[in-house]
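Visitor: Pick one part of this model and give me a close look at it, please. I'd like the cut-offs spelled out as you go.

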Amino acid sequence: MVAPAILVSKLISKLESRDKRSAIINISSLAAEFSRAGLSIYSASKSYLSNFTNCVALEAKNTDFLNVMPGPIDTAMIRAGFNPKFFGSLEYKLYMSTPE
């Protein structure tokens, strides 16, 4: 969680000193907003990144920020954090993507 703050802090000072607008895009996750047992560290780190992005966006004058929050991808980590009944549900069919 420290690396994004250090990298953005170093980058933002350079971007803000330029005459043209810049943008920084962070990839977070919907896990930042929806807690699940077994995904506490992952969810907390994504929540940190989302909130950090939002705060820095409020402070920046010449840099736009985009916080991309994709939904779940059917991976071993996700399968470990979800109830097995979920994988046959309508919610799974509507919201889960596959790595392919």
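Guide: Let's start with the vocabulary: helices (H or I, at least four residues) and strands (E, at least two) are DSSP runs, numbered from the N terminus. On that basis the protein chain reads α-β-α-β-α-α along its sequence, with 4 helices and 2 strands. Keep in mind that this is a predicted model, where local features need pLDDT of at least 70 and side-chain atom pairs count only at pLDDT 80 or more, while totals for chains, interfaces and linings use all residues. Residues are numbered from 1 along each chain as its sequence is written, and side-chain values use heavy atoms, leaving out hydrogens and water.

The part I'd zoom in on is helix 2, which spans 40-59. Ser-43 lies in this helix, and its relative accessible area of 8% makes it buried (buried is under 20%, exposed over 50%, partly exposed in between, using a 1.4 Å probe and protein chains only). Leaving aside neighbours within four places in sequence, Ser-43 is in contact (heavy atoms within 4.5 Å) with Ala-31, Ala-32 and Phe-34.

Another serine meets the helix from outside. Ser-28 sits in the loop between strand 1 (22-27) and helix 2, and it counts as buried because its relative accessibility is 3%. Its side chain reaches the backbone oxygen of Lys-46 at 3.1 Å. That's a polar contact: a pair of N or O atoms within 3.5 Å, where within protein one must be able to donate a hydrogen and the other to accept it, and residues adjacent in sequence count only if both atoms are side-chain atoms. Not counting residues up to four places away in sequence, Ser-28 touches Lys-46, Leu-49 and Ser-50, and also Asn-67, Val-68, Met-69 and Pro-70.

Now for the rings. Searching the whole structure turns up 1 aromatic pair, and it is a stacked one: Tyr-48 and Phe-52, 5.8 Å centre to centre with 15 degrees between the planes. The rule takes rings of Phe, Tyr and Trp (its six-membered ring) with centres within 6.5 Å; planes under 30 degrees apart are stacked, over 60 edge-to-face, and the rest tilted. Both residues lie in helix 2, 4 residues apart, or about one turn of the helix. Tyr-48 is partly exposed at 28% relative accessible area, whereas Phe-52 is buried at 16%.

Phe-52 also leads us inward. Apart from residues up to four places away in sequence, it touches Pro-4, Ala-5 and Val-8. It belongs to the largest nonpolar core, 9 residues in all, alongside Ala-5, Val-8, Ile-12, Leu-15, Ile-24, Val-56, Ala-60 and Phe-65. Such a core is a set of buried Ala, Val, Leu, Ile, Met, Phe, Trp, Tyr and Cys residues joined through side-chain atoms within 4.5 Å. Helix 1 (2-16) and helix 2 each supply at least two of this core's residues, with helix 1 giving the most, 4 residues. More broadly, nonpolar side chains tend to be buried together in soluble globular proteins.

To zoom back out, 32% of the 100 residues in the protein chain count as buried. Among contacts with a separation of 6 or more, 64% come from residues 24 or more positions apart.
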